[in-house]
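Here's a quick tour of one protein model, from a hairpin to the empty spaces and the surface. Have a look at the structure first, then read on.

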Amino acid sequence: EFTDNEALAQATLGDAESKIYQNMAGSPQFMIDAALKVARKAYDKAKEGYTLWSKTYLYQLEWNDEIANEFYTNLWNNPDAFYQSDIFKLKFVDAQFNQSIVTFNLDKNRTQEEIIDLTLVRNLDNAFSKLQKKHDVFKPVVPIISSNPIVAQIGMKEGLEGGESFDVYELEFNPKIGKSLYKKVGRIQADKKRIWDNRYYAGQETPEKQTLKGTIFKGSSKLMPGMLIKQVK
């Protein structure tokens, strides 16, 4: 939902002016004029653009052994049966409110449509990031793509600011149960000075200074590409 900032700013200005006249009654006129000037400058700044309000709902697919067996046995190779099936259900997990200010006079390199587009996508990414951090099962799991230095393709889009810790997992075969399981083999930390800027840029390429293809992490040099990382709470 978009709301016009000018209407709210106008109401705020009216309240500010009333308080100035009330609280400064009997003061010299030049002092009252100075206070009114400050209030009107604040109004001129606040009235620009819009405020974007969004609410993002998070749902989780209900999944168990019975559903998995039906899916892989009868639906995997049968698209018609898959679309007609009623075994798949979603359960509500959480919701996230976000607010962003959309101003047009601060960005001369984009059109108004591109600025709105950028704000919408960034707002949604921010909601995803917060929901993932609150609910462990939804945290992104990404592979290490380089071990010297340690690099993984996760960054500012996912809310990284630097200093976050990640557990590292390696897939190992367990002969006792006859299955391969992920085993924690280490912990790494995002380098504060080398966070990947993978955010959305409407109408533009990523910043020219952006040379990283992933975030660089500090940790053991024994880790290998293909190992998976997941952020620690």
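## The hairpin of E6 and E7

Let's start at a turn. In this predicted model, Gly178 has a positive phi near 70 degrees, and it sits in the hairpin of E6 and E7, where four residues lie between the strands. The two strands run antiparallel: E6 covers residues 165–174, E7 covers residues 179–190, and ten bridges join them. If you want a spot to check the register, go to Asp167, whose bridge partner in E7 is Arg187.

E6 has another partner, too. Strand E9 (residues 228–231) pairs with E6 over four bridges, again in the antiparallel sense. Here Phe166 has Gln231 of E9 as its bridge partner.

## The cavity

That last pair turns up again inside the protein. Phe166 and Gln231 both line the largest cavity, along with Ser129, Gln132, Lys133, Lys139, Pro140, Ile154 and Glu158. The volume of this cavity is about 70 Å³, and the count of cavities of 30 Å³ or more comes to one.

Which helix gives the most to this lining? That's H5 (residues 112–134), with three residues. By class, the lining is an even mix: three nonpolar, three polar and three charged residues.

## The largest pocket

H5 matters for the open space as well: with seven residues, H5 gives the most to the lining of the largest pocket. This pocket holds about 250 Å³ of space. It is lined by 14 residues, and the closest to its centre are Arg122, Asn126, Met156, Lys157 and Arg199.

So what kinds of residues make up the pocket lining? Seven are charged, five are polar and two are nonpolar.

## A nonpolar patch on the surface

For a change of character, look at the surface patch made by Tyr57, Tyr59, Leu61, Trp63, Tyr72, Trp76, Leu90 and Phe92. This nonpolar patch comes to about 960 Å². Two elements give two or more residues to it, strand E2 (50–61) and strand E3 (90–102).

Of the elements, E2 gives the most to the patch, with three residues. Leu61, one of the patch residues, is found in strand E2.

Key: Residues are numbered from 1 along each chain as its sequence is written. This is a predicted model: local features need pLDDT of at least 70, side-chain atom pairs count only at pLDDT 80 or more; totals for chains, interfaces and linings use all residues. Side-chain values use heavy atoms; hydrogens and water are left out. Two strands pair if DSSP finds at least two bridges between them. On a 1 Å grid over the protein atoms alone, a cavity is a set of points where a 1.4 Å probe fits but cannot get out, and a pocket is an open set with protein on both sides within 12 Å along at least five of seven lines; lining residues have an atom within 4 Å of a point. Grid points are joined across faces, edges and corners, and a volume is the space filled by probe spheres set on the points. Ala, Val, Leu, Ile, Met, Phe, Trp, Tyr, Cys and Pro count as nonpolar, Asp, Glu, Lys and Arg as charged, and the others, Gly among them, as polar. Patches are made of residues with over 30% relative accessible area and no salt bridge: like charges are joined within 9 Å, nonpolar side chains (Val, Leu, Ile, Met, Phe, Trp, Tyr) within 5 Å. Accessible areas come from the Shrake-Rupley method with a 1.4 Å probe; for residues, only the protein chains shown count as cover. A salt bridge is a side-chain nitrogen of Lys or Arg within 4 Å of a carboxyl oxygen of Asp or Glu.
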